[in-house]
Amino acid sequence: MKPAVNMADVAVRAGVSISTVSRALGGAAGVSEATRERVRAVADELAYVVSPEASRLSRGSTGRVGVLVPAIHLWYYASVVAGLEAVLRESELDLLLYHVEGPEDRRRFFDRLPARRKVDALVVVALPTTAEQHRRLDDLGVAIISAGASSEQHPWVAVDDAAAAGAAVEHLLALGHERIAMIRTVEPDGGDWQADRQRLAGYRSALQRAGLEEDRDLVVTVPWGPDGGARAMDRLLTLPHPPTGVFAYSDEVAIGALRSLRRARVEVPGAVSLVGVDDHPMADLTDLTTVAQEPVVIGRCAAALALRTLGLPVPVDLQHVRTDGQRLGTRLVVRGTTAPPRAAGARLAPPRSPAAAEVLRAPRS
């Protein structure tokens, strides 16, 4: 087996000291351009690849950006990470992923702070945190960037969640709906989903602007996901006066609600109109009306914030990103799950009982 080439080999071949090789390949000052080019040519000839730790030691940095996400298998988080990684890779920075799925994983992360001294910056992606966990982020001693949620302490990039909810509810109002429900989400350990709070505020504000009072029975809180959306819709269908319009926290939640409506043989949008948020790929496939956001763009903007915080060049197309907070827009995408409500006499009749509803929801053979 051929022995690995090291920095000393490059120094001997180039006729310079090891420290000069380190400075030349690490981009440090104190090396003439001619010497730098000679060292790089020798390194290429010998197929020498300098380790990140060695090349960045003189700069006091790791050359890595950490990303803290509650789920890597979900479309939103995967898209944000994809946007981040693309920009960081072009800037020759590595991405170090910390996956904290569930309350116990988060507790361990905040207890141990494994990212300390391993990264130059940490991007926190739409993570529900308690007040104590939020305080612990500052103990890392690195730059913190918030992606998918605003922050008073750190640079951030997020959509206007209240405006997104308002657009969804105003769309239903414009169609003539007055009994409009919202399916919210909850985090089991009490962590705060900022987007949920803001979307609830947007829902309430839209109703108030229309002169409608909020009916608390029409606001259902469930764990995030399609199953939660299905359970929430089941509850709404058993109300004495079910809603004719439903705004769901996300497209995945809305798709779960759509499943319950179809199993109960409730016409969509004939009897119930449904709106989500995200423009998830499944929204198009299920013909779901939604309020679109672009998580890849959120990731790219968060990467720009990390670069700017670290004093590194920012790509031209991202130089507009503000370090004090970047609010991104959303857009309403109207598809086939929304329409004007039926006439009052033909509106949805509630199921005879929860048991009867359960039979109607049973999978058909």
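**Exercise 1.** In this predicted model, determine in which sense strand β1 and strand β3 pair, and over how many bridges.

*Solution.* Locate strand β1 at residues 64-69 and strand β3 at residues 121-125. The two strands pair in the parallel sense, and the pairing extends over four bridges. For one residue of the ladder, G66, the bridge partner in β3 is L122.

**Exercise 2.** Establish the strand order of the open sheet and identify the strands at its edges.

*Solution.* Six strands form the sheet, in the order β2-β1-β3-β4-β5-β11, with parallel pairing. β2 and β11 (326-328) each have a single partner strand, so one side of each is left without a neighbour in the sheet. From one strand to the next, the twist averages 20°. Helix α13 (residues 295-309) lies across β3, β4 (143-147), β5 (156-159) and β11, and runs at about 165° to β4.

**Exercise 3.** Classify the aromatic pairs Y76 with Y77 and Y98 with F109, and state whether their residues are buried or exposed.

*Solution.* A search of the whole structure yields three aromatic pairs. For Y76 and Y77, the centres are 5.3 Å apart and the planes stand at 90°, an edge-to-face arrangement. Y76 is buried because its relative accessible area, 12%, is under 20%. Y77 is likewise buried, at 7%.

For Y98 and F109, the values are 5.6 Å centre to centre and 65° between the planes; since this angle is over 60 degrees, the pair is edge-to-face. The pair links distant parts of the chain, with Y98 in strand β2 (residues 94-99) and F109 in helix α6 (residues 103-112), eleven residues apart. Both Y98 and F109 are buried. Together with F110, Y98 and F109 form one aromatic cluster.

Terms used: Residues are numbered from 1 along each chain as its sequence is written. This is a predicted model: local features need pLDDT of at least 70, side-chain atom pairs count only at pLDDT 80 or more; totals for chains, interfaces and linings use all residues. Side-chain values use heavy atoms; hydrogens and water are left out. Rings of Phe, Tyr and Trp (its six-membered ring) pair if their centres lie within 6.5 Å; planes under 30 degrees apart count as stacked, over 60 as edge-to-face and the rest as tilted. Buried means under 20% relative accessible area, exposed over 50%, partly exposed in between (1.4 Å probe, protein chains only). Two strands pair if DSSP finds at least two bridges between them. Axes are lines fitted to C-alpha atoms, for helices over the stretch in contact, and angles run from 0 to 180 degrees between N-to-C directions. Contact means heavy atoms within 4.5 Å.
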